[in-house]
Amino acid sequence: MVARKAPQIWGCKVPFKVRFFMWLAFNDRLLTCAYCSIWRPGDPTSSALCGDNLETTQHLFCGCAFAKEVWLNLGSSLGGGWCPSDLDHLWELGRRLSRRNDRSLRSKILQSLVPAVMWVIWIGRNDKIFRGTLVSTEGVWEDAKRNISAWGCLCGGASRVLVERNSILITS
């Protein structure tokens, strides 16, 4: 299953570090609390963002109450309901956003939406663990929009990308 996703992950119009992060996430190799507990028994294994359950990659991006709220906010911003049940479902939602064989600038930018949100959730989680900073779901969405705008140049010429309620505005 992961091998089929590799071309889309490595071909995604996001910075290399985000593609590498996505590859780690979909191969279940992110250093989540559960994964780290293999080498450091006794360390906390509960989710850094919600405090519940074992923090696995699946939980962090799909099962965590924090992540669910982020995805629901994203869905309402794009005019649809989003609440991925697992990483495969999240992958499919992202694929539906950027239509297959559509090489338009808008489609390329939409392709970066799921990686941008996952990246910001991961950065927010790390900031909470290592810096003690609080993370908000609104902040995740704002940071993701900022990243998408910054990454617009990777999509072939967009100098500015504005993600607004139910629409995406792209300027060259």
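Which residue caps the N-terminal end of H6? In this predicted model, the cap is Asp-86, which places a side-chain oxygen 3.1 Å from the backbone nitrogen of Asp-88. Helix H6 itself spans residues 87-97, and its buried residues are Leu-87, Leu-90, Trp-91, Leu-93, Gly-94 and Leu-97. These residues lie on the same side of H6 because they cover an arc of only 160° around the axis. An α-helix has 3.6 residues a turn, so residues three or four places apart point the same way.

The protein chain as a whole contains nine helices and two strands. In sequence order the pattern is α-α-α-α-α-α-α-α-α-β-β. The chain has 172 residues, of which 42% are buried. Among contacts with a separation of 6 or more, 57% are between residues 24 or more positions apart.

The largest nonpolar core comprises 41 residues. Within this core, the residues that touch the most other members are Phe-61, Trp-71, Leu-90, Val-117, Met-118 and Ile-121. At least two core residues come from each of helix H2 (16-26), helix H4 (57-63), helix H5 (65-77), H6, helix H8 (113-130) and helix H9 (137-151). The contribution of H8, nine residues, is the most given to this core. In soluble globular proteins, nonpolar side chains tend to be buried together. The surroundings of Ile-121 illustrate the core. Apart from neighbours within four places in sequence, Ile-121 contacts Leu-49, Leu-60, Phe-61, Ala-67, Val-70, Trp-71 and Val-140. Two of the residues listed here, Phe-61 and Trp-71, are also among those that touch the most other core members.

Helix H8 also contains Pro-115. This residue counts as buried because its relative accessibility is 6%, below the cut-off of 20%. When residues up to four places away in sequence are left out, Pro-115 touches Cys-12, Val-14, Val-18 and Met-22. Of these, Val-14 is 101 residues from Pro-115 in sequence, yet the two C-alpha atoms are 7.8 Å apart in space.

The second largest pocket holds about 200 Å³ of space. Its lining consists of Leu-31, Thr-32, Cys-33, Cys-36, Asp-43, Pro-44, Trp-122, Arg-125, Asn-126, Ile-129 and Phe-130. Helix H3 (33-36) and H8 each provide at least two of the lining residues. With five residues, H8 gives the most to this lining.

One of the lining residues, Cys-33, is located in helix H3. Cys-33 is classed as buried because its relative accessibility is 13%. Beyond residues up to four places away in sequence, Cys-33 touches Pro-44, Thr-45, Ser-46, Glu-55, Arg-125 and Ile-129. The pairing with Glu-55 spans 22 residues along the chain, with a C-alpha separation of 5.5 Å.

Glu-55 is positioned in the loop between H3 and H4. With a relative accessible area of 0%, this residue is buried. The Glu-55 side chain reaches the backbone nitrogen of Ala-48 at a distance of 3.2 Å. Residues in contact with Glu-55, not counting those up to four places away in sequence, are Thr-32, Cys-33, Ala-34, Thr-45, Ser-46, Ser-47, Ala-48, Leu-60 and Arg-125. Arg-125 therefore appears in the contact lists of both Cys-33 and Glu-55, and Arg-125 also belongs to the lining of the second largest pocket.A further polar contact involves Thr-137, a residue of helix H9. Thr-137 counts as buried, at 5% relative accessibility. Its side chain and that of Glu-69 are joined by a polar contact of 3.2 Å. Setting aside residues up to four places away in sequence, Thr-137 touches Phe-66, Glu-69, Val-70 and Asn-73.

Backbone geometry is notable at Asp-28, which has a positive phi of about 55° although it is not a glycine. Asp-28 lies in the loop between H2 and H3. The residue is partly exposed, with a relative accessible area of 43%.

Methods:
Residues numbered from 1 in each chain as written. Predicted model: local features only at pLDDT ≥ 70, side-chain atom pairs only at ≥ 80, totals over all residues. Heavy atoms only, no water. Buried < 20%, exposed > 50% of the residue type's maximum accessible area, 1.4 Å probe, protein only. Helix = DSSP H or I, 4+ residues; strand = E, 2+ residues; numbered from the N terminus. Arc of directions from axis to C-beta. Polar contact = N/O pair within 3.5 Å; in protein donor to acceptor, adjacent residues only side chain to side chain. Core = buried A, V, L, I, M, F, W, Y, C linked by side-chain atoms within 4.5 Å. Contact = heavy atoms within 4.5 Å. 1 Å grid on protein atoms, 1.4 Å probe; cavity = no way out; pocket = protein on both sides within 12 Å on 5 of 7 lines; lining within 4 Å. Points joined across faces, edges and corners; volume = space filled by probe spheres on them.
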